[in-house]
Number of protein chains: 2
Amino acid sequence: LNIILVEAGELNAGGRVLLSGPRAAHIVNVLGATPGQTVRVGVLDGPLGTGTVASIDTTTVALDCVLEAEAPPRPRVDVLLAMPRPKVLRRLWAQLAALGVSRVILTNAERVERPYFDTHVLRPDCYQPLLIEGLQQARDTRSPIVSIHRQFRILVEDQLDGKSDAALRLVADPSATTSVGDAVREGLDRNRDARVLLAIGPEGGWNEFELRLLAGRGFMGVGMGARTLRTDTACLALLALVHDALGSVAG
Amino acid sequence: LNIILVEAGELNAGGRVLLSGPRAAHIVNVLGATPGQTVRVGVLDGPLGTGTVASIDTTTVALDCVLEAEAPPRPRVDVLLAMPRPKVLRRLWAQLAALGVSRVILTNAERVERPYFDTHVLRPDCYQPLLIEGLQQARDTRSPIVSIHRQFRILVEDQLDGKSDAALRLVADPSATTSVGDAVREGLDRNRDARVLLAIGPEGGWNEFELRLLAGRGFMGVGMGARTLRTDTACLALLALVHDALGSVAG
C-alpha cells in the first residue's frame, strides 16, 4: 500500500481515524510506523493527505489526518470492456484502478459467453476491495465507477452518452492503421481537455454489427500492431498508451 | 491460438507434421478445420507459414506445411527483471512472450525475497509451455531466451554485455523525469537499429547501490509518472510504451 485509504465516514470532526484490521497491521508491521510518524493517507473519492500516528495499541492505530483542499482529478480515461472471463476480470480490477480509469463500463457482446455474467466477480463486495487495492497501490483516491450492461445495442445507442462524457472515443481494432498515440494527439488538438473512452472487445473481437454501431457513435478504430494480444494484456497495454499520449501518466 | 506452433523436429522432409493432443483438438474443435482447409502455423524459433489439413482421424491431424523463407526477426526488447513473486511471474510468462521480448534476464536484488528462487515457475518445464502460449497468441515463433541470476553484481558487471546486445539501456525509476518515449526516440536518433534492454526492479524498488551499478553500466532512468504500479502491471505498461516508441508494436 502506497497510501492508506479511509472512507469519509471513518474520520471524526477533528480528522482522527481509528484503524484496525489489515490497514492497522500494514502501518505497524510493514511501514513500522511509531507514534509521531506520518503515513500517506487518502479519503476514498476525496482528498489525499498525511496521517500522523497518534497512538498504537494491540488492535488499533489512531491517525490524525491533515487533508488537501481538493480531491485529485478523476482519471481522464473511461473503459468500455466486453465482459472478459471472470478469472481474467478478477485480475484486471486492481490493475484498472492502478493505471487510472474513471469508469468501467462492462458490456455483453456476441462473442461473450453468457455464463460470464453469472459470477461473483461482478458483485461490488468482490470488486470494490480489489479497486481499492489498486488505488492504494497507485496513490489515487478516485474509485472507478462500475456499470454492467447485458444489452450492447441499448447501451451504445441509448445509455453511453450518459455514462461517459469523453469527447474522444476509440475502439481497439486489429485491422485499424491509426496508432493510439496519433489518435489521442489528434483528439487533443481539437479539444485539449478531451477525455478518452476506450472500447476493448471480447477475446474473439467485436462482430461486424457491433463495430458498425460503435463507428456510428463516433468510435475511431485504433490499431494494435502486428501482435494479437489477450484481452487483459491488450487492455493494460492500451491504457498505458492512452495515458502516455494524454500526458497523464507515463507508464 | 492464433497460430499452431510446431517444433522443427516434428516436420518430416516433405513438410508434414502429425499433431495429436491439444493442438489437434484446437484445429478440430475450435477452428473447425476440415481436410483441404488451411491454418496458420509456425516453427518454434523458425519461420511462419500455412498448414493445409491433409487428414483428420480420431486422434491425429496431419498438416502439410508451407513455410516462409525466413524466421521473423527477434523482438527488439530484452527485459532485466528483478525476480517477482512466483505467482506473479507465472502470470507474466505468456504476457511477456505475447508483447514481444527477446531475452528475459531474471535477477536477484536486495528487496527480492530469497524463497522466490525456490519455485517451479523458474523451471523450463513450467515456463516453456507458457511462453509458447504467448507466442501462439501473438503469432510469433521466437521464444524468449530465459536466464536466471542469483548475484546481481556479477550479472551486471560481468555477464550482462554477453546476455543482451541492446544499445539502449533503460531502468524504470519512479524518480526519473525522462519519459520512456523520449528516451527511446533519442536512442533511435543515435542508432536507428538500436535494441532496448529494459530493467524493472522489485516491488520495493532497486536500492541505491543497485541503481548506481545500473547507471554505471549505461542504464538511463525513465519515469513512471505519478502513479506507482505493481511490478507486473508496470512491466506490461512499460513494454507497451517501449514497443510503441520503437514502432515495432502499437500495443
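These legends describe close-up views of a predicted model.

**View 1. Two copies, chain A and chain B, are related by a rotation.** Turn chain B by 180°, with 0.0 Å of shift along the axis, and it superposes on chain A. The RMSD is 0.0 Å. The two copies are thus related as by a two-fold rotation axis. Which C-alpha of chain B lies nearest the axis? That of B:Ala237, at 2.7 Å from it.

**View 2. Chain A and chain B meet at an interface.** Chain B gives 36 residues to the contact, and chain A gives 34 residues. Of the interface residues of chain B, 94% are also interface residues in chain A, so the copies meet through the same surface. About 2,800 Å² is buried between the two chains. Carbon and sulfur atoms account for 54% of that area. Three residues to find here are B:Arg227, B:Thr228 and B:Leu241. They supply 23% of the area that chain B buries against chain A, more than any other three residues. The count of salt bridges between the chains is four.

**View 3. A salt-bridge network includes residues of both chains.** Side chains of opposite charge can pair when their charged atoms come close. Start with A:Asp232 and A:Arg230, whose side chains meet in a salt bridge at 2.9 Å, N to O. Are these two residues buried or exposed? Both A:Asp232 and A:Arg230 are buried. Through shared partners, salt bridges join A:Arg91, A:Arg230, A:Asp232 and B:Glu133 into one network. One link runs from A:Arg230 to B:Glu133. The closest N and O atoms of that pair are 3.8 Å apart.

**View 4. A salt bridge forms within helix α5 of chain A.** The partners are A:Asp182 and A:Arg185, with N and O 3.3 Å apart. Helix α5 spans residues 180–190. The two residues are three apart in this helix, which means that about one helical turn separates them. A:Asp182 is partly exposed, with a relative accessible area of 38%. A:Arg185 is partly exposed too, at 44%.

**View 5. B:Asp161 pairs with B:Arg169.** Their side chains form a salt bridge at 2.7 Å, N to O. B:Arg169 has a relative accessible area of 9%; residues under 20% count as buried, so B:Arg169 is buried. Over all chains, the structure holds 29 salt bridges.

**View 6. Six parallel strands form an open sheet in chain B.** Strands of a sheet pair through backbone hydrogen bonds, either parallel or antiparallel. Read the order here as β8-β7-β6-β10-β9-β11. Which strands stand at the edges? They are β8 (145–149) and β11 (219–222), and each pairs on one side only. From one strand to the next, the twist averages 20°. Look next at β6 (residues 77–82) and β10 (residues 196–200). Five bridges join these parallel strands. B:Asp78 stands opposite B:Leu197 in β10(B).

**View 7. Helix α4 of chain B lies across the six-stranded sheet.** The helix covers residues 152–163. The strands it lies across are β6, β7, β8, β9, β10 and β11. Its direction is at about 165° to β7(B).

**View 8. Five strands form an open sheet in chain A, with mixed pairing.** The order is β1-β3-β4-β5-β2. At the edges stand β1 (4–6) and β2 (16–19). Each has a single partner strand, so one side of each is left without a neighbour in the sheet. Neighbouring strands are turned by 40° against each other on average, direction ignored. Three bridges join β1(A) to β3 (residues 38–43), and these two strands run parallel. A:Ile4 stands opposite A:Val41 in β3(A). Helix α1 (residues 22–30) lies across β1, β2, β3, β4 and β5 of chain A. This helix runs at about 150° to β1(A).

**View 9. B:Leu63 sits in strand β5 of chain B.** The strand spans residues 61–67. B:Leu63 has 0% relative accessibility, so B:Leu63 counts as buried. What is in contact with B:Leu63, leaving aside neighbours within four places in sequence? The contacts include B:Gly15, B:Val17, B:Leu19, B:Ile27, B:Val39 and B:Val53. B:Thr38 is 25 residues from B:Leu63 in sequence. In space, the two are 8.5 Å apart, C-alpha to C-alpha.

Notes. Residues are numbered from 1 along each chain as its sequence is written. Chains are lettered from A and ligands numbered from 1 in the order in which they are written. This is a predicted model: local features need pLDDT of at least 70, side-chain atom pairs count only at pLDDT 80 or more; totals for chains, interfaces and linings use all residues. Side-chain values use heavy atoms; hydrogens and water are left out. Helices (H or I, at least four residues) and strands (E, at least two) are DSSP runs, numbered from the N terminus. Buried means under 20% relative accessible area, exposed over 50%, partly exposed in between (1.4 Å probe, protein chains only). Two strands pair if DSSP finds at least two bridges between them. Axes are lines fitted to C-alpha atoms, for helices over the stretch in contact, and angles run from 0 to 180 degrees between N-to-C directions. Contact means heavy atoms within 4.5 Å. Copies are superposed by least squares on the C-alpha atoms of residues with pLDDT of at least 70 in both. Buried area is the accessible area (1.4 Å probe) that two parts lose on being put together, summed over both.
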